[in-house]
Amino acid sequence: MAILMPRIIQAKQILRRSLSNGSSNKYGVIPKGYFAVYVGEQEKKRFVVPISLLSQPEFQELLCQAEEEYGYNHPTGGLTIPCSEDTFTDLASRLGAL
């Protein structure tokens, strides 16, 4: 478990930077092993999360909801998850992405 701690800390730092106004990823650069998703009901916020989330059944359920709501035409041009920020951050925290 101690080996994973640096990755978790790094993921939290990346997430914090992506949430800050004027994200550190201004130029669209996403670290290797991560991808960006847009979350929110009205105003969409960008989260940069590890690709390991893709193998989690709970996250896959969110992807199914996104497919049902948006198909493959996402309004932000990126992967949009149709849930509240609180729901997403809670799920990502439980799955170890934050």
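**Exercise 1. Describe the surface and the burial of the protein chain.**

Step 1: The accessible surface comes to about 6,400 Å², and 52% of it belongs to carbon and sulfur atoms. Such areas come from the Shrake-Rupley method with a 1.4 Å probe, and for residues only the protein chains shown count as cover.

Step 2: Keep in mind that this is a predicted model, where local features need pLDDT of at least 70, side-chain atom pairs count only at pLDDT 80 or more, and totals for chains, interfaces and linings use all residues. Residues are numbered from 1 along each chain as its sequence is written, and side-chain values use heavy atoms, with hydrogens and water left out.

Step 3: Of the 98 residues, 35% count as buried (under 20% relative accessible area with a 1.4 Å probe, protein chains only; exposed is over 50%, partly exposed in between).

**Exercise 2. Work out the order of the elements and how the strands pair.**

Step 1: Three helices and three strands make up the secondary structure, in the order α-β-β-α-β-α from the N terminus. Helices (H or I, at least four residues) and strands (E, at least two) are DSSP runs, numbered from the N terminus.

Step 2: The three strands build an open sheet, ordered β2-β1-β3 with mixed pairing. Two strands pair if DSSP finds at least two bridges between them.

Step 3: At the edges are β2 and β3 (79-81), each pairing on one side only. From one strand to the next, the twist averages 40°.

Step 4: Now look at β1 (residues 34-39), which pairs with β2 in the antiparallel sense over six bridges. Here Y34 stands opposite P50 in β2.

**Exercise 3. Place the helices α2 and α3 against the strands.**

Step 1: Helix α2 (residues 57-70) lies across β1 and β3, at about 100° to β3.

Step 2: Helix α3 packs on the sheet, touching β1 and β2, and its direction makes about 10° with that of β2. Axes are lines fitted to C-alpha atoms, for helices over the stretch in contact (heavy atoms within 4.5 Å), and angles run from 0 to 180 degrees between N-to-C directions.

**Exercise 4. Find the aromatic pairs and describe the one of F47 and F88.**

Step 1: The whole structure holds three aromatic pairs. Rings of Phe, Tyr and Trp (its six-membered ring) pair if their centres lie within 6.5 Å; planes under 30 degrees apart are stacked, over 60 edge-to-face, the rest tilted.

Step 2: F47 and F88 form a tilted pair, 5.0 Å centre to centre with 55° between the planes.

Step 3: This pair links strand β2 (residues 45-50), home of F47, to helix α3 (residues 85-94), home of F88, 41 residues apart. Both F47 and F88 are buried.

Step 4: Finally, F35, F47, F59 and F88 form one aromatic cluster.
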